[in-house]
Structure formats: C-alpha cells, structure tokens
Amino acid sequence: MAWATFHRLLTRLLALTLLSLLAFGVRANTVALDERFSSEAIGRHLRVLEDRSGRMSMQEVAATHQGSRWEDRRSENLNFGYSKSAFWLHGELLNQSQQTDWLLGMRYPLLDYVDIYVVWPDGRVQHHASGDRRPFHTRDLDDRNFYFKLKLQPGERVQLYARIAGQGSLQAPLEISTPRAYAQQSRQEQLLLGVYSGALLAMLLYNLLLSISLRDKAHVDYVIYIGVFGMAQLTLSGLAFEHLWPHYPNWGNEAAPVFMGLTGWSLVLFSRQFLSLDKHWPRADFAMRALQWLFLAAVPETYVLPYAIPIKIVTLATIVTPILLLIITVALLRQGVRQASYFLAAFTVLLLGVLLTALHMFGIVQRNFLTEYSMQIGSMLEFTLLSFALAHRVKLAREENERLQQAHAAELEARVLSRTRELDKAMTELTQVNERLHALTEQDALTGLKNRMFLSERMPEMWRQAQRWHTPVSVLMIDVDHFKGVNDQHGHLAGDEALKQVAQVIAHTVQRPGDHAVRYGGEEFLVILPQTHTVGAAHIAETIRLGVQALDFRWGDQHIPLTVSIGLASVVPNADLPPQALLNAADRLLYQAKQEGRNRCALIPEALATLPRKAGATSTAGKPIKPAGQPSPASSE
C-alpha cells in the first residue's frame, strides 16, 4: 500500500515536471503580441536549425520541428558569421491585441537570400522572398532592410519559419513591429543617414576644392579616400542598392568587397602620405604598401573567385589595418613626428569603428546600435577631429603672426627695452631651431657638406633654371681611392678622419655662390657647378685632385696617402633630359677614371673642342686643352 502510494506521487511529480517543461518551451518559442507591444527583436524566442546542404525545403524543416537538430541560441540578434550553410529559424507568434497589421523583417541589408514562411493552423502558408541577390522590386516594402507585411487577427496563433543563406556574414536580427513603430524608426534612420551623408558630401567637396587650390597630394589622397569610403557606406547600409542600382542585384552583391577594398587601399595610401612613412619609417612603409596592394587585389578577385573569399580578405585586412596604424602612429609619436599626433587624434575613433564593424561581421561581437552604426559614428568623429586639427593649426599660425607683427610694431614705435629683449630672445631661439633643422635635413653630420636630401630637393630647381636660361650644368663625381684599405688597415675612425679632410679640400675649393658640395654616400662626393662649362669644371676638378694628393694625412705614427678619382660631366639641359642622366654620366666617367689607374679626372674630351681656348688651361694629365676644330684624343685620363 505504501509502495503504491509512493508510485502514484512519483508519477504525478514527473507529469507535473514534464508539463512545466513543455509550458516553458511554448513560452520560450512564442512571441506574445499584446497591446503594449510596439517593436522588438525576437531572436531569443527562436530556435535555430543549421542546414549544411542548403537544400532543405520548408516541409522538411517542419518535419524536424521536434528533432534534436534544433537549438536555442537565446540571443536577440543571431549572428552566424561566415558560413556556407543555410540557417532556419522557428518561432511562434500569438496576437493578443486588437492590432491586425504587423511588419516582420530583418534589419541587415547584406543578406543574399531571405525567405519568411508564416504557417496558419489551417495549413495556409504565406511566403515572402527577398535578399540582395534578388531584384529590389520583389520586396514587399521599399526599404533598404527586408520587411514584410503580416496580417494577424486578434487571438490568432501562427508558426514562423525564416531561412537565411549567402556567402557573406550571416546575421538574422529578426524583429516584428507595428507600422507606426516602423515608420517612426525609419524616419529616425533616414534622418541620421541623411545628416551623415550630407556631412560626408560637404567634407568631400571642401577637401576637393582645397586639393585643387593647394595641389597637395595628401589632399588628393584624402578626397579619394572620402569618396570611396562614402560609396562603401552606401553599399553596406543598403542605400546604394535601393537608390543607385536596384535592378542589378549581382553588382549590388559584388559592390561590398569592391568598395571595401578600395576604401582600405585609399586609407592606407592616405596614411602613408600623411605620416610620410617612406621618410620616417621605411620598413613600416613597406608593410603598409603590401597591405595596400592586398586591399587592391581584392577588387579583381571579386569577379573571378567566390564572393566569400574576397569579402573575408578585405574584412581580415580591415581588422589588421587599424592595429598596424595604431602601432605605427604611437612609434612615430615617440620619434617626435608631429603630424602623427594629428593622425592619432583624428583616426583613433574611426579605427575603433572599423575594428568593431569587422568583429561584428565575423560574429565575434553581437549586433547592437554601436556595432550597427560604428562606422558612421567613427568616420564622422574622424572628419570632425581632423577638420578641428587643421583649423586649430591655422588659428595658431595666425595668432603667432599677429603677435610677431605687434611685437615688431611696438619695437619700432616705442623701443621698449623689455619688448626688444623678448623679441631678441625669440629670434635667437628661432634661429637656433632653424639651424638645427637645417643641419638635420641638409647637412651631412660627419663631413659638414650637404647630404642626399639636399640634392634631391635642390637639384630639380637648379636643373629647371638651367633649362630656362640655356646655361650649362657641370657635376663632379668624386671617389676616394682605396678607401676600403684605409678602413681595413687603420680602422673606421681613421676612415672617418680621412673623409673629413677630403671634404675640407672640396669645401675650400668650391666656394663660389651657387656651387654645392655634397656627400653622395660612403666615400663618394658630388660637386654641382651651375653656369660652368667643361673647362671651368675641369679646373676645379684638378684643383681638388691636387689638393687631396697634397694632404699630409697621418694616423698615429703612419702617413696615409690619399688620392681621389673624379668623373666630370657637363651639359646644357633640355626638356627631354632628366637630371639623373647627368649624374649617371658622371658616375660612368668616375668608373672610367678608376679603370685607367685612379688619381685622375675623366671627362668627355669632345666637349672641350666646343669651347674657346683659354691660356694655361690643362687637362688632368697636364696636356693643353684642344681648341675648337682640332681632333679629340682617343681617351681621357
């Protein structure tokens, strides 16, 4: 008797437990639409079935309704990342209000295929098909997202099935709302996107005018970046498919990786130009150049590879880019590169937005307002901060100019001693800064001569002047003979001292205003002689050669003989001749001088015959220079 009573109690307990679990399952999969309901994401009420084959029909899915393949994700915004599978969602809608018109939709405009099935208890099925791989006119509502009209009578209960598939990031932010809530939310979105698009267009036109006025490459790159960034945003938000190419779903699907790739390419291009990476950090510039071409390669890949491959490439590169730029910017700030501070202030928020969007597309971060609009928020803050930085710099420059003008006027009018001392102190500090800057940018630290940066900046200007006035330009390419032996036998300190003494001879010889002596690299020197014919240049070359030969250079107790070989080239530039051609000619003649025994100057002897004879002028071998009309020697020493 006791056992029977216990058995009945246990049976009732198990039955109550099963009923409670079933009730819980109904509540978990049922969305109750009451009078207070306006708009809600219903992902947490849905169960998910992964169709790896992608071929299951709605009938097959309904047949597995109670199977073990279904799972509860318990997330309002379902995100499956990049997957080749199709995903089915199932839930139940119960209308407990007097409202009959509802809107059901996916708030994610980049889904390839979206199919919504609403099944009534009497077997009636309502099917809505959409997606950005289908023409825009097939949508139930003219909206960038995928919304469908749903009519439910009070007390009516229906089964809801949704299928999503595609090669991009699969997200299913399924929601249901009243028409009023949908209209209000749409107005807010249109307002936000309209303000954002207008600001982006204004920034584009502003920088376009600046680039035309200033002819600055950085502004040109920035205009390209803003333009393709705006197109990428229009594509990712679905507005481009809605307004620009609604009848071309294939191109609408391919536009995302194309414009994302171009955006990444232009961002890296602008960043390299803005930060002057080729000068401040060549290795980082090489890495960013490789990343730049990776972005650009994704554009043609879109047309020859499956969509998933280029979109994953640009998305991964989008994650890597902000991390690299942040590391590079911080490193440049530590080096004292001033423009890096502007870049860091203006682009940090954008880079965070890009990173958050990319992580969201891979399904690492769940969908919310911040992830949905992170790119717009970040880019708008970036444009604002960068414009503020530029305007603030102009303001500071204007204020500094006004201050200097007032100080100068006060000095002239009142001759106030305190003002004069302040101005003198400021001018002294400014002079010292300019001298240090000049030494760093144009002067070789070891020899005191000009450096290669000076040559690259000034040579084109001297070349253009010579072209304009049809005057000759001569260059001497000078190399210290057997310099490697000096380093090997006596050490690099002795080699450095030898270079200093050779540089002193060159600097002492080249003193005419407009002539320049440059340390070209290692033990090579370059002398630039504008408005100088071959005869005058040969005289200077011979003076340098004899001066070096006469050096009494000692290191310790040892005498080290020093000589130089010189290649001399001279030409009257024309429009078809680049400056590098003259340098290459001098370099070849320097090689000829070394081949002929070193400690000599090699030049083109035919050039001497075109100039008037000067008394006492001699070649490097001590022979008289031949006047016009006489045959040239067979070789030059």
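**Exercise 1. A salt bridge within a helix**

Task: In this predicted model, is D285 buried or exposed, and where does its salt-bridge partner R289 lie relative to it in helix 8?

Solution:
- Step 1. Start with the accessibility of D285. Its relative accessible area is 2%, and the cut-off for a buried residue is under 20%, so D285 is buried.
- Step 2. Turn to R289. With a relative accessible area of 31%, R289 is partly exposed.
- Step 3. Check the contact itself. The side chains of D285 and R289 form a salt bridge, with N and O at 2.5 Å.
- Step 4. Place both residues along the chain. They are 4 residues apart in helix 8 (residues 282-304), so about one helical turn separates them.

**Exercise 2. A second helix, and a network**

Task: Which helix holds E542 and R545, and which residues are joined with D285 into one network by shared salt-bridge partners?

Solution:
- Step 1. Find the pair. A salt bridge links the side chains of E542 and R545, at 2.5 Å from N to O.
- Step 2. Find the helix. Both residues belong to helix 17 (residues 534-549), where a spacing of 3 residues puts them about one helical turn apart.
- Step 3. Look at the burial of each partner. E542 is buried at 13% relative accessible area, and R545 is buried as well, at 8%.
- Step 4. Now the network. R272, D285 and R289 are joined into one network by salt bridges that share partners.

**Exercise 3. Compare one pair with a lone acid**

Task: How far apart are the closest N and O atoms of R512 and D515, and which side chain of opposite charge is nearest to E156?

Solution:
- Step 1. Recall the principle: side chains of opposite charge can pair when their charged atoms come close.
- Step 2. Apply it to R512 and D515. Their closest N and O atoms are 2.8 Å apart, and the two residues form a salt bridge.
- Step 3. Add the accessibility. R512 is partly exposed at 38%, while D515 is buried at 11%.
- Step 4. Move to E156, in the loop between strand 10 (146-151) and strand 11 (157-165). E156 is buried but has no salt bridge, and R124, the nearest side chain of opposite charge, is 4.2 Å away. A salt bridge needs the nitrogen and the carboxyl oxygen within 4 Å.
- Step 5. List the neighbours. Leaving out residues up to four places away in sequence, E156 touches L93, L94, N95, W120, R124 and K151.
- Step 6. Put these pairs in context: the whole structure has 15 salt bridges.

**Exercise 4. Read the sheets**

Task: In what order do the strands of the 5-stranded open sheet run, and which strands are at the edges of the 4-stranded one?

Solution:
- Step 1. Take the sheet of 5 strands. Its order is 15-16-14-19-20, with mixed pairing. The edges are strand 15 (516-521) and strand 20 (601-602), each paired on one side only.
- Step 2. Follow the chain to one edge. Strand 19 (residues 564-571) and strand 20 run parallel and are joined by 2 bridges. One of the partnerships is between G567 and A602 of strand 20.
- Step 3. Add the helix. Helix 16 (residues 492-509) lies across strand 14 (473-480), strand 15, strand 16 (524-530) and strand 19, and runs at about 10° to strand 16.
- Step 4. Take the sheet of 4 strands. This open sheet has the order 2-13-7-10 and antiparallel pairing. Its edge strands are strand 2 (39-41) and strand 10. From one strand to the next, the twist averages 20°.
- Step 5. Zoom in on one pair. Strand 7 (residues 101-106) and strand 10 pair in the antiparallel sense over 6 bridges, and Y147 in strand 10 is the bridge partner of G105.

**Exercise 5. Positive phi in two loops**

Task: Where do H470 and N599 lie?

Solution:
- Step 1. H470 lies in the loop between helix 14 (452-469) and strand 14. Its phi is positive, near 55°, although H470 is not a glycine.
- Step 2. N599 lies in the loop between helix 18 (579-595) and strand 20. Its phi is also positive, about 55°, and N599 is not a glycine either.
- Step 3. Finish with accessibility. H470 is exposed at 61%, and N599 is partly exposed at 23%.

How values were computed: Residues are numbered from 1 along each chain as its sequence is written. This is a predicted model: local features need pLDDT of at least 70, side-chain atom pairs count only at pLDDT 80 or more; totals for chains, interfaces and linings use all residues. Side-chain values use heavy atoms; hydrogens and water are left out. Two strands pair if DSSP finds at least two bridges between them. Contact means heavy atoms within 4.5 Å. Axes are lines fitted to C-alpha atoms, for helices over the stretch in contact, and angles run from 0 to 180 degrees between N-to-C directions. Buried means under 20% relative accessible area, exposed over 50%, partly exposed in between (1.4 Å probe, protein chains only). Lys and Arg count as positive and Asp and Glu as negative; His and the chain ends are not counted.
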